[in-house]
Amino acid sequence: MSGIDALYQEAIKDYARADHGHGRLDAASAAVRLDNPLCGDRISLQVSLAAGRIVAIAHETKGCLLCRAAASLLGKRGPGLDATGVTATTAALEAILEQRSPPPTDWPELGMFAPAGGHPSRHKCVLLPFRALAQAIQQADAVSPANQGADHREH
């Protein structure tokens, strides 16, 4: 497969088309909007948490196929993760992009982003939804009832 064909392989197109998790949540624990000013990608992501785990993810993503596929992958596979799982999955994706590491056995779908490793300007496109999810979890943790007596801030 040539460079551009590998970058936009069928798996990427399929996930972008499927748009898993597209929409909004009625009762979100947190909401985050992130932009990639270099290419115009934008994601508005909402997350619902219970006992520190993701119950549901919803997103509205405007951007390239890579960003939309990454958001869709999180919409499908993100429920059930906790903050540690999101951090580990994001680190695995970064290693795939930056060091050509193989995908973890529990997230083989991350391998579809390997061709973007050769295009450093596209790394932020792929990572934007993962970073939005990490921020949403941090935000939800900061305002959770367990932390109400602690450092409570408006976000």
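Here is a quick briefing on the sheet, the helix packing and two loop residues with unusual backbone angles. Keep in mind that this is a predicted model. At the centre of the story is an open sheet of three strands in the order S1-S2-S3, paired antiparallel. Helix H3 packs on that sheet, and the axes of H2 and H3 come within 7 Å.

**The sheet**

- The edge strands are S1 and S3, each of which pairs on one side only.
- On average, neighbouring strands of this sheet are turned by 20° against each other, direction ignored.
- S1 (residues 30-36) runs antiparallel to S2, and the two share seven bridges.
- For a landmark in that pairing, look at Ala 30, which sits opposite Val 47 of S2.
- S2 and S3 are also an antiparallel pair, with nine bridges between them.
- Two handy reference points here are Gln 46, whose bridge partner in S3 is Ala 58, and Ile 43, whose partner in S3 is Thr 61.
- S2 is mostly covered, with seven of its ten residues buried.
- As a general point, side chains in a regular strand alternate between the two faces of the sheet.

**The hairpins**

- The S1 and S2 hairpin has four residues between the strands, and Gly 40 takes a positive phi near 95° there.
- The S2 and S3 hairpin has two residues between the strands, and in this one Ala 51 has the positive phi, near 55°.

**Helices H2 and H3**

- H3 touches S2 and S3 as it packs on the sheet, and its direction makes about 160° with that of S3.
- H2 covers residues 10-18 and H3 covers residues 65-77; their axes cross at roughly 65°.
- The two helices are therefore roughly perpendicular to each other, since angles of 65 to 115 degrees count as such.
- The H2 and H3 crossing is left-handed.
- On the H2 side, the contact is made by Ile 12, Lys 13, Tyr 15, Ala 16 and Ala 18.
- H3 answers with Leu 65, Leu 66, Arg 68, Ala 69, Ser 72, Leu 73 and Lys 76.
- Sorted by class, that contact of H2 with H3 has eight nonpolar residues, three charged ones and one polar one.

**Positive phi outside glycine**

- Most residues other than glycine have a negative phi.
- Ala 51 goes the other way, with a positive phi of about 55° although it is not a glycine.
- You'll find Ala 51 in the loop between S2 (41-50) and S3 (53-62).
- Ala 51 is exposed, at a relative accessible area of 87%.
- Arg 100 is another case: this residue is not a glycine either, and its phi is positive, near 60°.
- Arg 100 lies in the loop between helix H4 (83-99) and helix H5 (123-142).
- Arg 100 also counts as exposed, because its relative accessible area is 56% and the cut-off is over 50%.

Technical notes. Residues are numbered from 1 along each chain as its sequence is written. This is a predicted model: local features need pLDDT of at least 70, side-chain atom pairs count only at pLDDT 80 or more; totals for chains, interfaces and linings use all residues. Side-chain values use heavy atoms; hydrogens and water are left out. Axes are lines fitted to C-alpha atoms, for helices over the stretch in contact, and angles run from 0 to 180 degrees between N-to-C directions. Angles under 35 degrees count as roughly parallel, over 145 as roughly antiparallel, 65 to 115 as roughly perpendicular and the rest as oblique. A crossing is left-handed if the near helix is turned anticlockwise from the far one by less than a right angle, and right-handed if clockwise. Contact means heavy atoms within 4.5 Å. Ala, Val, Leu, Ile, Met, Phe, Trp, Tyr, Cys and Pro count as nonpolar, Asp, Glu, Lys and Arg as charged, and the others, Gly among them, as polar. Buried means under 20% relative accessible area, exposed over 50%, partly exposed in between (1.4 Å probe, protein chains only). Two strands pair if DSSP finds at least two bridges between them.
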